[in-house]
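Trainee: I should like to go through the assignments for this structure one by one. For each, please set the value against the criterion and state the conclusion.

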Amino acid sequence: MSKRLTNILTPIIAVLLGILVGTIIMLASGYDPAAAYIALWNGAFGDIYYIGEVIRQFTPYILAGLAVAFAFRVGLFNIGVEGQFIVGWTAAVWVGVAFDLPRIIHLPLAILAAMIAGALWAYIPGLLKARFRVHEVIVTIMMNYIALHVTNYIIRNVLASKSGDKTDLVKETASLRSELLQSMTDYSRLHWGIILAIICCFIMWFLLEKTTRGFELRAVGFNQHAAQYAGMNVNRNIILSMLISGAFAGLAGAMEGLGTFGYAAVKGGFTGVGFEGIAIALLGANTALGVFFSAILFGILKVGSLNMPLEAGVPNELVNIIIALIVFFVASSYIIRVFLERFSKKGVK
């Protein structure tokens, strides 16, 4: 069996195993798995409105997954996507609320502000990693908490409207919302951000696979010492990869700030989008195409699960268990790969 086929089959088997074990847990808990999965399907595809919500849900997931995957490809573990996502959200809304500009300037400026904010938030751990070899996992985790509380302070004391806990709606000239897409999906919250997410998938693929800079970034990810011996600037590539990763994460925040919600509010805790991005990147094998399909799966599970308590009486938290199981089996992919290799050898005999 070829390596390419093994890479394709491994995440598929991981998903199936996660669903299988999730089914066993439902049976052990006294729930009807068939009714639960039918309810999940109906909650994701039973109505055009739900389809629009699924697409809306996986739009920031794609970008968060790309952020994690890009850093992974360069040998970095960016756990700070959540924080970069939050600062990107806040920056986009800030620009969207504060300026009166033509749409052709205002919307790109708000999106650019989100990307710059996310990139700068990722630059700090990237710089510390490159210059002082401070492990990026520790720094990015701490940066998540700083982002949460700093943005809450800014929203409450600088940007908030009279209510005191959220901003005004962004101006129409800075909004990603689309009356066309909403009317096509029975007035779901679907917006133009999905186009940007698909474009970013192409950008990541092209940058890493078709450019000299991408080759250098991947070489650093494979072996920093060998890359340095070959004359590549390892420190510069580490910082660059974190900047690009943070820009993807910041753009994911703009999807929520300019599209789904249209405002920024004080948050009692993390949104979870950045952490979901880790699972999405792992399931997608850190490739742009893999992240795209992985994000679609997560969007289906998240939106469809909301219908499970209503239609089947099954707690939607069980979907989080299934997602955790999928991630577990992806993390244990070595076992799956060994099984596939042995199965392949038996087939040859």
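Trainee: Which residues does Glu-136 touch, not counting residues up to four places away in sequence?

Mentor: In this predicted model, Glu-136 touches Gly-75, Leu-76, Phe-77 and Lys-129. Glu-136 itself is found in helix α6, residues 136-159.

Trainee: Why is Glu-136 called buried?

Mentor: Its relative accessible area is 4%, and buried means under 20%. Glu-136 therefore counts as buried. As for its position relative to Gly-284, the two are 148 residues apart along the chain, and their C-alpha atoms are separated by 22 Å.

Trainee: Arg-133 is found in the loop between α5 (103-132) and α6. What makes Arg-133 partly exposed?

Mentor: The relative accessibility of Arg-133 is 45%. Buried requires a value under 20% and exposed a value over 50%, so Arg-133 counts as partly exposed. Arg-133 also has a positive phi of about 55°, although it is not a glycine.

Trainee: What is the angle at which α12 and α13 pack, and how far apart are their axes?

Mentor: Helix α12 (residues 273-283) and helix α13 (residues 288-304) pack at about 130°, with their axes 8 Å apart.

Trainee: Why is α12 called oblique to α13?

Mentor: Roughly perpendicular covers 65 to 115 degrees, and roughly antiparallel begins over 145. An angle of about 130° falls in neither range, so α12 is oblique to α13. The crossing of the two helices is right-handed.

Trainee: Which residues make the contact between α12 and α13?

Mentor: From α12 come Glu-276, Ala-279, Ile-280, Ala-281 and Leu-283, which meet Val-291, Ser-294, Ala-295, Leu-297, Phe-298 and Lys-302 of α13. By class, this contact has 8 nonpolar, 1 polar and 2 charged residues.

Trainee: Ser-294 is in helix α13. How do you know that Ser-294 is buried?

Mentor: Ser-294 has a relative accessibility of 4%, and the cut-off for buried is under 20%. Ser-294 therefore counts as buried. Leaving aside neighbours within four places in sequence, Ser-294 is in contact with Ala-279, Ile-280, Leu-283 and Gly-284. Ser-294 and Ala-279 are 15 residues apart along the chain, with a C-alpha separation of 8.8 Å.

Trainee: What makes α12 largely enclosed by the rest of the structure?

Mentor: Of the 11 residues of α12, 9 are buried, so the helix is largely enclosed. The buried residues are Val-273, Gly-274, Glu-276, Gly-277, Ile-278, Ala-279, Ile-280, Ala-281 and Leu-283. What covers them includes α1 (3-28), α3 (48-73), α4 (81-98), α13 and α15 (317-331).

Trainee: What is the sign of phi for Ala-285, which follows α12, and for Asn-286?

Mentor: The phi of Ala-285 is positive, near 55°. Asn-286 has a phi near 60°, again a positive value in a residue other than glycine. Asn-286 lies in the loop between α12 and α13.

Trainee: Is Asn-286 buried or exposed?

Mentor: Asn-286 has a relative accessible area of 17%. Buried means under 20%, and Asn-286 is therefore buried.

Trainee: Why are α2 and α3 called roughly perpendicular?

Mentor: Helix α2 (residues 33-45) and α3 pack at an angle of about 85°, with their axes 5 Å apart. The roughly perpendicular range is 65 to 115 degrees, so α2 and α3 are roughly perpendicular to each other. Asn-42, Gly-43, Ala-44 and Phe-45 of α2 make the contact with Tyr-50, Ile-51 and Val-54 of α3. By class, the contact has 5 nonpolar, 2 polar and no charged residues.

Trainee: How many disulfides does the structure hold, and why is Cys-200 not bonded to Cys-201?

Mentor: The structure holds 0 disulfides. The sulfur of Cys-200 is 7.4 Å from the closest cysteine sulfur, that of Cys-201. A disulfide needs the two sulfur atoms within 2.5 Å, so the distance is too far for a bond.

Trainee: What makes Cys-200 and Cys-201 buried?

Mentor: The relative accessible area is 7% for Cys-200 and 9% for Cys-201. Against the cut-off of under 20%, Cys-200 is therefore buried, and Cys-201 is buried as well.

Note on methods:
Residues are numbered from 1 along each chain as its sequence is written. This is a predicted model: local features need pLDDT of at least 70, side-chain atom pairs count only at pLDDT 80 or more; totals for chains, interfaces and linings use all residues. Side-chain values use heavy atoms; hydrogens and water are left out. Buried means under 20% relative accessible area, exposed over 50%, partly exposed in between (1.4 Å probe, protein chains only). Axes are lines fitted to C-alpha atoms, for helices over the stretch in contact, and angles run from 0 to 180 degrees between N-to-C directions. Helices (H or I, at least four residues) and strands (E, at least two) are DSSP runs, numbered from the N terminus. Angles under 35 degrees count as roughly parallel, over 145 as roughly antiparallel, 65 to 115 as roughly perpendicular and the rest as oblique. A crossing is left-handed if the near helix is turned anticlockwise from the far one by less than a right angle, and right-handed if clockwise. Contact means heavy atoms within 4.5 Å. Ala, Val, Leu, Ile, Met, Phe, Trp, Tyr, Cys and Pro count as nonpolar, Asp, Glu, Lys and Arg as charged, and the others, Gly among them, as polar.
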